[in-house]
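This report describes how charged side chains pair and how two chains meet. Please consult the sequence and the structure shown here while reading.

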Amino acid sequence: MELQILLLFMIFAAIVAVQIEDLLSSVIAVGALGLGLSLAFLILKAPDLAITQLVVEILCLIILIRATINKDLPVIRDGRWFFNTASTLLFIILFLIFAYFALQELPRFGQPIMRVAQNYINQGLEKTGATNIVAAIILDFRGYDTLGEATVLFTAVMGVLAVMRRVGRKKSSSMV
Amino acid sequence: MSEYILCFALFCIGLYCVLRKRNIIKIIIGLGIIEYAVNLFFVLIGYRTHSRAPILAKGQSILNMVDPLPQALVLTSIVIGLAVTALIVAIAIRIYEKYGTFDITKIRRLKG
């Protein structure tokens, strides 16, 4: 029951973040959404995820505030009302149709199919020596996933440095 | 089943934000909402009622555990989401420096 209440709170925070005009308020509403998600992970018995989500949310908030603060932004009205609304509704209806068919195939909430995971739980301790099964999976059973994650992270950091660097950039007068 | 439906509603709000808004920061926020919804959906699939977190304790035999595999995948996904958000925001800041606006319809230089 508390999970539904938390999910409703998250939906409310998401609507506020989408619809409010002021960008800083919108970013802060995203912060409320992310912290709600962290609590939801805690209720769903995923403490590692809750800690990671908390840290990531705070960093994400700092990055987004850096993007919005100290900029004089005019309020951007939505133009081309009919076309935009029609295409948006089309995509949402398409998603809901596929979601309806997917819901028929899903296992019921609270009864997961644990074909692979049962092996990990049974043999995790003697094979890896880690008491935390999630850590055993990301660092041992699926170590290549974590290697790929590190590659993506490194590439993203290189991209940020290449986009934001000051040295070697042309003078702004010659760019315009 | 109502948890799945609420999670889909969260996804739809993010989709609406990405498709409908014209402000780049709003679009980034919409992408973030979609990412949160997908992460939450994975963890919801792996949840088992009346069970415990997947951490073994000494001297205790654990009967029911939640599925640890989606949790491990989502842990990867959360960190990658942060990196992607940082990259998009960096590009948005550069666009603001060059064009002086966040409005995607005003950024017409690439149209030729």
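In this predicted model, the side chains of Arg22(B) and Asp103(B) form a salt bridge, with 2.7 Å from N to O. The two partners belong to distant parts of the chain, 81 residues apart: Arg22(B) is in the loop between H1 and H2 of chain B, and Asp103(B) is in the segment after H3 of chain B. Both Arg22(B) and Asp103(B) are buried. As a general principle, side chains of opposite charge can pair when their charged atoms come close.

How many salt bridges does a search of the whole structure find? Over all chains, the search finds two. Arg94(B) and Glu97(B) also meet through their side chains in a salt bridge, at 3.2 Å from N to O. These two residues both lie in helix H3 of chain B, three residues apart, which is about one turn of the helix. The table lists the two pairs.

| Salt bridge | Distance, N to O | Separation in sequence |
|---|---|---|
| Arg22(B) and Asp103(B) | 2.7 Å | 81 residues |
| Arg94(B) and Glu97(B) | 3.2 Å | three residues |

Is Arg94(B) buried or exposed? Arg94(B) has a relative accessible area of 19% and therefore counts as buried, since the cut-off for that class is under 20%. Glu97(B), at 37% relative accessibility, counts as partly exposed because this value lies between 20% and 50%.

The discussion now turns to the interface. The size of an interface is often given as the accessible area lost when the parts come together. Between chain B and chain A, the buried area is about 7,800 Å², and carbon and sulfur atoms give 76% of this area. Arg20(B), Tyr36(B) and Tyr47(B) supply 10% of the area that chain B buries against chain A, more than any other three residues. In terms of contacts, 71 residues of chain B touch 89 residues of chain A.

Across this interface of chain B and chain A, the rule finds zero salt bridges, but it does find 12 residue pairs in polar contact. On the side of chain B that touches chain A, H3(B) contributes the largest share, 24 residues. The residues of that side comprise 50 nonpolar, nine polar and 12 charged.

One residue of chain A may serve as an example. Ser26(A) is located in helix H2 of chain A, residues 23–43. Its relative accessible area is 0%, so Ser26(A) is buried. Apart from neighbours within four places in sequence, Ser26(A) is in contact with Ala17(A), Ile20(A), Lys26(B) and Ile29(B).

Methods. Residues are numbered from 1 along each chain as its sequence is written. Chains are lettered from A and ligands numbered from 1 in the order in which they are written. This is a predicted model: local features need pLDDT of at least 70, side-chain atom pairs count only at pLDDT 80 or more; totals for chains, interfaces and linings use all residues. Side-chain values use heavy atoms; hydrogens and water are left out. Contact means heavy atoms within 4.5 Å. Buried area is the accessible area (1.4 Å probe) that two parts lose on being put together, summed over both. A salt bridge is a side-chain nitrogen of Lys or Arg within 4 Å of a carboxyl oxygen of Asp or Glu. A polar contact is a pair of N or O atoms within 3.5 Å; within protein, one must be able to donate a hydrogen and the other to accept it, and residues adjacent in sequence count only if both atoms are side-chain atoms. Helices (H or I, at least four residues) and strands (E, at least two) are DSSP runs, numbered from the N terminus. Ala, Val, Leu, Ile, Met, Phe, Trp, Tyr, Cys and Pro count as nonpolar, Asp, Glu, Lys and Arg as charged, and the others, Gly among them, as polar. Buried means under 20% relative accessible area, exposed over 50%, partly exposed in between (1.4 Å probe, protein chains only).
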